[in-house]
Structure formats: C-alpha cells, structure tokens
Amino acid sequence: MLTPLDFAPTLRVILRGQGLTTMISQMDANGLGGLLNDTTANHTVFAPTNAAFAAVPPSAINATVLNYHLTDDVEMLSSFVDGILEWSHLRLPSLLNNTQALRISVNSTSNTVSINNATILSGNYTASNGVVHILSSVLSLPPYLSTILQNVTVLSNLSSLLNSSGLLNGALASSPGLTLFAPTNMAFSQVNPQVLQYLGRPLAASVLQNVLSYHIINGATTTPNAIYYRDTIPMGTTNFTMMSGDVAQFNKTGVSALTINNQANATVFNVLAANGVMHGVNAVLFPPSFVFDLQKALIGVDATGFLNLLLNSSLLAPLLNGATNYTIFAPNNAALAALQQNMPTGMALLQMLQYHIVPGTYFTTNFTNGQVLPTLLFPMGLNGAAQVLRVNTSLLTSTYINNANITMANYTAVNGVVHVIDTVLVPPMNISTILATNPAFSTFNSLVQASGLAALVQGNSLSLSLSLSLFIF
Amino acid sequence: MNSAFVGVTPFILQYLQLPTMLPILRNIVMYHIVPNTVLYSVNIPAGMTILAASNNATLTVINNTGVVTVNNANITQPDVLAANGVIQVLNNVTVPPGTYDFGLLNALYNVNATAFLGLIAQSSLGPYFVSSVPSSPPLLLPQQN
C-alpha cells in the first residue's frame with residue numbers, strides 16, 4: 001500500500017531544490033551519494049551552503065567530514081533543545097566506534113539553532129527519507145582533547161601538569177574514548193599550594209600521573225565501551241573506576257547537576273573532542289589513595305637528600321607514613337652537601353637523624369623563644385632522657401633551631417609538619433667534652449680537673465645521673 | 001666563662017689549685033653543679049627559685065621578667081645544650097655561702113710575701129687562711145728576708 005511519503009521527494013531532490021549543489025556533488029565524489037537516495041533508512045542532513053563549502057579548502061572535505069553532517073534519524077528543528085547532543089552518522093575508532101556527537105545550541109533570544117559552531121539558516125525541508133537543515137558553515141571534526149586543553153585559557157594549570165606528566169602528549173592525544181573532567185584554574189587555586197608544589201617535583205611524577213588520571217574515565221575499559229556525555233551519565237549515584245584505577249562517586253541530581261566525590265561540581269558540559277568529551281569541574285579531585293604524609297611533604301620542600309637518609313633507615317622510614325605525628329626539621333640538600341666527608345655513618349648517622357625529629361606537631365607560629373623540643377634521640381647510658389632542640393626567636397626576623405635557620409616553615413602533612421633548615425643539627429656533646437673543647441670554659445675546666453671532680457661532669461658516669469644544670473663562672 | 005674570672009686574681013686561681021686547698025676547690029666546683037635536674041632557661045619560674053647544688057648548698061635563682069640571676073651573677077648565655085644536661089653561662093663567680101675571704105692571702109701576695117705564702121701552701125694551714133669564720137686568726141707576718 002502506498003503512503004503519501006512514497007511520493008515525496010528524496011533527500012537528493014530536496015537538496016537540489018534548495019540549491020545545495022556542492023553538498024550533493026561532494027557526497028557523490030566521496031562515495032556517499034547513495035545515502036541521499038536510500039529510502040530504507042532515514043537521515044537528517046545538515047547541509048552547508050555552496051558559499052560555505054567555497055570558504056574551506058577542497059582538501060578539507062572528505063567522507064569523514066561529510067558523514068559528520070548526517071544523523072541516522074529524523075530530527076526536526078522543534079526537537080532541538082539547548083545543550084543536547086545529536087549522534088552523527090560518523091563512527092570513528094577514536095571514539096571506540098561510537099558515533100561522533102554534534103552539539104546543539106539554542107539561542108532563545110535570537111531563536112537561532114546552532115550545530116557546533118555553525119548556525120542553521122533555515123530547516124525542516126522534509127524528504128521521504130529524512131530532513132534537511134541548511135548550515136552557515138562547514139562542520140569540522142572536533143580536535144583531540146590534547147589540543148583543546150592547550151587552547152583553553154582557564155585550563156592552563158591543568159594543561160601544564162598534564163604536559164609534565166606526559167599525559168597530554170600521551171593518552172589525551174591518542175587514546176580513544178576518554179571522558180575528561182577538567183578542573184579549571186580557579187579549581188587549582190583552591191588546592192593547598194604545598195600540595196601543588198609537591199606535585200610539581202620530579203619525585204612526585206607517578207603520583208601526579210595518578211592524580212591527573214583520576215579525572216579521566218577511560219571508555220575503552222568500561223562495559224559497555226562508552227563516552228560519558230552529560231546525558232549519558234546516569235542519574236543518581238554511580239561509582240566509576242577512573243583511569244588511575246581508583247573509584248570516584250558521581251552523584252547526578254539533575255540534567256546539569258553533577259557532583260563528584262561530594263566535592264567537585266561540573267560547571268561546563270560536553271566540550272566535544274575527537275577522542276571523547278570534556279566537562280569542566282570546579283575542584284581538583286584526589287584519589288582516596290592520595291595522602292599528603294610526611295614523605296610527600298619532604299618531597300614538596302625538595303629535602304630529597306634528607307628523605308633518602310630517612311628512607312634508608314629501617315627504624316625511621318615507617319614514621320613518614322605512619323599514624324603518629326612528628327615534626328621534622330629537614331636540612332636542605334645544600335646543608336647535607338656541606339657535610340661532605342663529615343657525614344656520619346652507622347649509629348652516629350641514626351642518632352643525627354633522630355635528633356631532627358620531634359614527636360608531635362609543632363608549628364613555628366607557636367614557638368616561644370628558648371622553647372626546648374625533645375627529639376627522638378635517646379642516647380644510651382643517659383637515663384632515658386631525650387636530647388632536645390632549642391628554639392631561638394630572639395632575632396625576630398628569622399627562627400633558629402639550635403644554630404640552624406628555618407628557611408621554609410610549616411609544610412603540613414596529615415601526620416605532622418616539616419620545617420626546612422639550612423644547617424644539619426649536631427647532637428650535643430657531653431658537658432665534659434664541651435668544657436674541654438670550648439676555650440671560653442678553660443678556666444673552669446682547669447678547676448674541675450684540679451678538684452678531681454671530672455667524673456661529676458661526665459654524663460655516663462654511674463655515680464651521677466645525667467641531669468646536671470651546670471652554672472659556670 | 002673565663003671573663004667571669006676577671007675579678008679573681010691569677011694568684012687565687014693558682015692558690016686554689018694547691019693540694020691543701022682541695023676541699024675548698026671541690027666545694028666551689030660542686031656549688032656550680034645541680035644534679036638530677038636539667039633546668040633550661042624557659043623552665044625557670046618567674047620570681048625566686050632555690051636550687052640544691054651538688055655540695056648541698058643552695059643557689060638562689062631569680063627570674064625577673066626574663067633577666068635571670070644566680071646568686072650575684074647574671075646568666076649571659078642561656079642553654080648551652082649538652083648530651084647530659086645543660087650549661088647556663090654566668091658573668092660572675094659565685095661562691096658557696098660562708099663567703100670565702102681571700103683577702104688575707106691576697107694581702108700577703110700584694111706585699112710580695114711569697115716565701116711565707118709558700119710555707120702556708122706546704123702546710124695544712126691553707127684553709128684557715130681562706131675561711132668564712134669571722135675571726136680569722138691574727139697573723140704575724142715575718143719579713144720576707
């Protein structure tokens with residue numbers, strides 16, 4: 001039985017009737033002419049004007065580009081809603097053979113409809129096998145995520161970190177089917193600067209990559225393989241395993257109301273890319289496995305030499321990631337280098353390291369002049385008393401610990417705090433040694449020797465406890 | 001601190017180290033050592049504190065809004081950290097109660113009666129010349145020659 005549509009003209013006839021002859025000739029030239037005649041399948045054709053074709057170099061037109069101007073169903077203008085996507089006829093391996101999306105914008109003031117960056121001049125030209133809308137310009141395929149990132153000013157911080165991590169020129173430039181949740185520069189400005197400083201250090205490279213890839217869903221590993229556009233992220237709460245391997249919780253409460261890990265809100269949706277899609281988010285996401293502990297803080301302040309010494313100590317290394325809080329006075333690399341051949345080894349090295357670590361969290365803002373801080377160093381034979389460090393704030397312009405100047409203060413970890421010092425701290429000597437070696441005390445020392453009371457000032461002597469307050473005249 | 005000895009003549013230092021003066025020297029040295037306490041400056045209470053030195057005599061410590069005195073001396077360099085305690089550096093010699101008076105011996109030295117001093121030193125009488133006893137024995141001093 002025949003229907004009125006059977007007598008309606010085909011897409012080819014409609015295109016010709018609207019004078020869209022370049023569209024027809026290009027379809028024919030690229031082997032796609034059959035689609036216009038095929039009455040077994042419906043298509044929506046977004047047909048650029050002849051002038052629009054004339055404005056792009058002929059080499060830019062090929063079957064891929066032309067397929068991007070067709071969808072596989074009939075979409076009348078009235079069905080277009082601002083922000084939605086339409087699915088083109090184009091299927092690309094870079095999108096896991098999913099269809100390449102077209103983004104619809106509706107300007108309610110001017111009442112114009114746009115497809116990506118092209119305006120629909122007029123439309124709803126109905127054919128027996130579809131409908132034609134006329135475009136002001138030729139659509140081009142979206143760039144790769146890597147290219148988009150480098151061209152969006154408000155993503156420069158993210159782009160820079162992705163670049164140093166290798167992801168920008170790696171996965172984002174080539175891997176198919178990625179959904180990227182891109183924190184804006186504003187989002188990065190809210191991250192603790194000490195954490196950002198850490199992420200910029202060479203020793204943090206693998207962690208940086210982990211943090212950044214926590215912002216990506218790799219569609220190649222999801223089931224089914226999927227790119228998550230605004231409207232394909234499920235409503236309600238969904239857990240996604242991100243590219244880093246860590247799980248993120250997505251909570252969608254409305255068409256454009258998406259929150260990740262109860263922390264980051266999506267503010268921009270559906271920036272189309274050749275290899276996926278990007279959404280803007282207003283906070284940087286950190287995987288649950290990311291804990292800013294003392295080890296990370298030491299990397300953050302670039303006290304890498306001291307960190308290595310601690311990591312090589314089976315006694316002290318566990319403290320860096322442990323649950324107990326410590327304050328670490330970390331000599332910078334220059335201070336360690338200055339030791340040269342005086343670098344202690346063995347037990348002396350362990351004691352030197354212990355003398356730089358104080359149980360508890362002490363911020364310099366709470367220091368008082370003359371305050372003494374008991375360290376982890378408990379020398380043998382001294383009745384179990386901790387060796388102390390002395391705070392000196394009398395110079396006002398800078399804070400000293402013993403003879404070391406604090407050059408970077410209060411790098412705060414979850415299990416303590418790191419202060420960087422410019423000199424290696426040397427555990428104190430016995431009183432007897434100080435008297436014997438410091439010329440300022442030579443007179444008193446001679447009297448001590450003459451009195452036969454030398455044992456009195458030797459701490460590890462059994463006849464005396466360690467505790468001496470020695471008033472020297 | 002060596003500079004604290006400026007008021008003490010080399011003679012007294014020398015004399016203190018004579019064998020006969022050993023008990024007095026020990027008493028003075030022990031008066032500078034407080035056992036069983038590591039007293040950092042920040043832990044010295046405001047006002048007056050009495051400390052027992054290792055000779056069991058007492059030291060009077062006064063913390064007057066951060067300016068700390070020990071008997072008649074000021075702490076000029078606080079908290080020299082040591083493995084077995086702490087050193088507080090004073091600007092003056094402090095001597096045990098009962099005040100040693102070296103005046104008599106000094107007087108002998110000053111009149112150049114060194115030969116007689118030498119005899120005192122060799123005797124066991126030295127401590128009698130350095131005494132807190134108000135009534136120092138009257139001394140008849142032979143001519144040097």
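# Worked exercises on a predicted model

N116(A) is found in the loop between β5 (112-115) and β6 (118-127) of chain A. The exercises below concern a predicted model, and the first of them stays with this residue.

**Exercise 1.** Determine what sign phi has at N116(A), and whether D302(A) counts as buried or partly exposed.

*Solution.* Begin with the backbone: phi of N116(A) is near 50°, a positive value in a residue other than glycine. Most residues other than glycine have a negative phi. Next take the surroundings, where 18 other C-beta atoms lie within 10 Å of N116(A); a residue needs 20 or more to be buried and 12 or fewer to be exposed, so N116(A) is partly exposed. Then turn to D302(A), which lies in the loop between α12 (294-300) and α13 (304-311) of chain A and has a positive phi near 65°, again in a residue other than glycine. With 19 C-beta neighbours inside 10 Å, D302(A) counts as partly exposed.

**Exercise 2.** Find which residues of helix α17 of chain A are buried, and establish where they stand around the axis.

*Solution.* The helix covers residues 442-451, and its buried residues are F444(A), N445(A), L447(A), V448(A) and S451(A). Because these residues cover an arc of only 160° around the axis, they are on the same side of α17(A). As a last step, follow the chain past the helix: α17(A) is followed by G452(A), whose phi is positive, near 75°.

**Exercise 3.** For strand β6 of chain B, work out how many residues are buried and which residues lie on each side.

*Solution.* The strand runs over residues 85-90, and 6 of its 6 residues are buried. In a regular strand the side chains alternate between the two faces of the sheet. Sorting the residues by side gives G85(B), I87(B) and V89(B) on one side and V86(B), Q88(B) and L90(B) on the other, with both faces covered. Now add the partner strand: β5 (residues 73-82) of chain B is joined to β6(B) by 5 bridges, and the two run antiparallel. Within this pair I75(B) stands opposite L90(B), and the two strands form a hairpin with 2 residues between them.

**Exercise 4.** Identify the edge strands of the open sheet of 7 strands in chain A.

*Solution.* Write down the order first, which is β16-β15-β21-β20-β19-β18-β17, with mixed pairing. The edge strands are β16 (357-359) and β17 (372-374) of chain A, since each pairs on one side only. For a pair inside this order, consider β19 (residues 400-401) and β20 (residues 404-413) of chain A, which pair in the antiparallel sense over 2 bridges; there, the bridge partner of Y400(A) in β20(A) is N405(A).

**Exercise 5.** State which members of the largest nonpolar core touch the most other members, and list the contacts of V132(A).

*Solution.* The core has 147 residues, of which A47(A), V132(A), L298(A), A330(A) and V418(A) touch the most other members. Leaving aside neighbours within four places in sequence, V132(A) is in contact with L11(A), I14(A), L15(A), Q18(A), V45(A), A47(A), Y125(A) and A127(A).

**Exercise 6.** Judge how confident the prediction of chain A is, and where pLDDT stays under 50.

*Solution.* Start from the whole chain, whose mean pLDDT is 92, with 94% of its residues reaching 70 or more. Then look at residues 460-469 of chain A, over which pLDDT stays under 50 and for which the model has 34 contacts beyond four places in sequence.

Technical notes
Residues numbered from 1 in each chain as written. Chains lettered and ligands numbered in written order. Predicted model: local features only at pLDDT ≥ 70, side-chain atom pairs only at ≥ 80, totals over all residues. pLDDT = per-residue confidence, 0-100. Contact = placed C-beta atoms within 7 Å. Helix = DSSP H or I, 4+ residues; strand = E, 2+ residues; numbered from the N terminus. Pairing = 2+ DSSP bridges. Arc of directions from axis to C-beta. Core = buried A, V, L, I, M, F, W, Y, C linked by C-beta atoms within 7 Å.
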